[in-house]
Each structure stands twice: as C-alpha cells, then as structure tokens.
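Visitor: I'd like to walk through this one with you, a bit at a time. Could you show me the sequence and the structure?

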Amino acid sequence: MKLNNFTKRLSIVGRWIATTLFCLSAITFVWQGAFFSNTAAMAAPAASLIASTDAGNQVQEKASVDAGRAKNFIEDTKDKVKETANKNAARVDQATDDDGSFVERKAKRDRDRIEQRAEEDAARTKEAVDNTKNAVERTVDSIKEVFKN
C-alpha cells in the first residue's frame, strides 16, 4: 500500500515525537540517578571528603606503580634494540669473515649509533614518564588542598 502525502507527514511527525519522548525519558533517568544515587553522601559531606582523600592517595599510588611498570617496559625495549643491533653486527662479521671491510666497519658504526640512540631515547622517555607522574601527583595534592579547607 502506497502512503499518501498526509500519511507520510504524519509518520514523520510521529517518529519525531517518539524520538523526543525517548530522549527526555533517558535524560530524566540519568538526572535522577546522578542526584539520588548516594543520599548518604548528601547527608554527611565529610564522609565523602574522606573518601576523596583516600581516592587521591590511591591515584598517587597507582601513578607510581604505573610509572615503574612503564620504566621497566622502556628498559626492556632498550635492551631488545641493543640485542638486535648486536646480532645484526655479528651476522655481518660472520658474512665478511672478519676481514675489516667497509661493510663490516659500517655495520659496527651502525650498531654503536643504534645503541647510543636507544640509550638517549630511553632516557628521554623515562624522564617524560617521571614528569607525567609528578604532574598527576601535584594535581591530586592541589585538589586535596582545595577540599581540605
């Protein structure tokens, strides 16, 4: 059955009304859940401040643990890069029969350069991890100070 012009418009208006009602009901449920989910916190705001202090400590501890893990990962990656560079240089040495050729010297220079870059990159990345961890800890401390007063 083919819809006429009036029925098409009525169908479009009906869909808009249904969509609007659905969105309004979703907003209402979210609104009610956000304001009435923790009535004890509203009655005793000091308890929630203590909880936020504990949460701040947990965030700082988590940041320290994650920074340590990141540093270990960086160190492992640096070691693997160095190991691969050494393997490749050794393969070139074996292929050239240790005759001191240009290719062998180039492979050793490349190995040394790769190891140096790996050290530099690892140091920069570890410093960035420390800076990030310190920024998180400073932010948590400043938030604690704001709620302490």
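Visitor: How far does H4 reach from its first C-alpha to its last?
Guide: Keep in mind that this is a predicted model. H4 has 47 residues, and at 1.5 Å a residue the expected reach is 69 Å. The span in the model is close to that, at 68 Å.

Visitor: Which residues of H4 are buried?
Guide: Here the cut-off is under 20% relative accessible area. In H4, which covers residues 102-148, the list mixes Glu, Ala and Val. The buried residues are Glu-104, Ala-107, Glu-115, Ala-118, Ala-122, Val-129, Glu-137 and Val-140.

Visitor: What does Lys-78 touch, leaving aside its neighbours within four places in sequence?
Guide: Lys-78 is found in helix H3. Its relative accessibility is 10%, so Lys-78 counts as buried. Two of its contacts, Ala-118 and Ala-122, are also among the buried residues of H4. With the sequence neighbours set aside, Lys-78 is in contact with Ala-118, Glu-119 and Ala-122.

Visitor: Which residue's side chain meets that of Lys-78 in a salt bridge at 2.7 Å, N to O?
Guide: Side chains of opposite charge can pair when their charged atoms come close. The partner lies in helix H3 along with Lys-78, 3 residues apart, about one turn of the helix. At 23% relative accessibility this partner counts as partly exposed, whereas Lys-78 is buried. The residue is Glu-75.

Visitor: Which residues are linked with Glu-75 and Lys-78 in a network of salt bridges?
Guide: The structure holds 13 salt bridges, and the Lys-78 and Glu-75 pair is one of them. That pair belongs to a network. The other members are Lys-82, Glu-119 and Lys-126.

Visitor: How many residues apart are Lys-62 and Asp-66?
Guide: Their side chains meet in a salt bridge, 3.3 Å from N to O. Lys-62 is partly exposed at 46% relative accessible area, and Asp-66 is partly exposed too, at 32%. Both lie in helix H3 (residues 45-96), about one turn of the helix apart, which comes to 4 residues.

Visitor: How far apart in space are Lys-62 and Lys-133, C-alpha to C-alpha?
Guide: Lys-62 is found in helix H3. Along the sequence, Lys-62 and Lys-133 are 71 residues apart. In space, C-alpha to C-alpha, the separation is 9.6 Å.

Visitor: How far apart are the closest N and O atoms of Asp-121 and Arg-124?
Guide: Both residues lie in helix H4, 3 residues apart, about one turn of the helix. Asp-121 is partly exposed at 30% relative accessibility, and Arg-124 is partly exposed with 48%. They form a salt bridge whose closest N and O atoms are apart by 2.3 Å.

Visitor: Which residues make the nonpolar surface patch of about 280 Å²?
Guide: Let's start from Val-13, which sits in helix H1 (residues 5-36). At 44% relative accessibility Val-13 counts as partly exposed, and patch members need over 30%. An α-helix has 3.6 residues a turn, so residues three or four places apart point the same way. The patch is made by Val-13, Ile-17 and Leu-21.

Definitions and conventions
Residues numbered from 1 in each chain as written. Predicted model: local features only at pLDDT ≥ 70, side-chain atom pairs only at ≥ 80, totals over all residues. Heavy atoms only, no water. Patch = residues over 30% accessible without salt bridge, like charges linked within 9 Å, V, L, I, M, F, W, Y side chains within 5 Å. Areas by Shrake-Rupley, 256 points an atom, 1.4 Å probe, with all protein chains shown as cover. Salt bridge = Lys/Arg side-chain N within 4 Å of Asp/Glu carboxyl O. Buried < 20%, exposed > 50% of the residue type's maximum accessible area, 1.4 Å probe, protein only. Contact = heavy atoms within 4.5 Å. Expected span 1.5 Å × (residues − 1).
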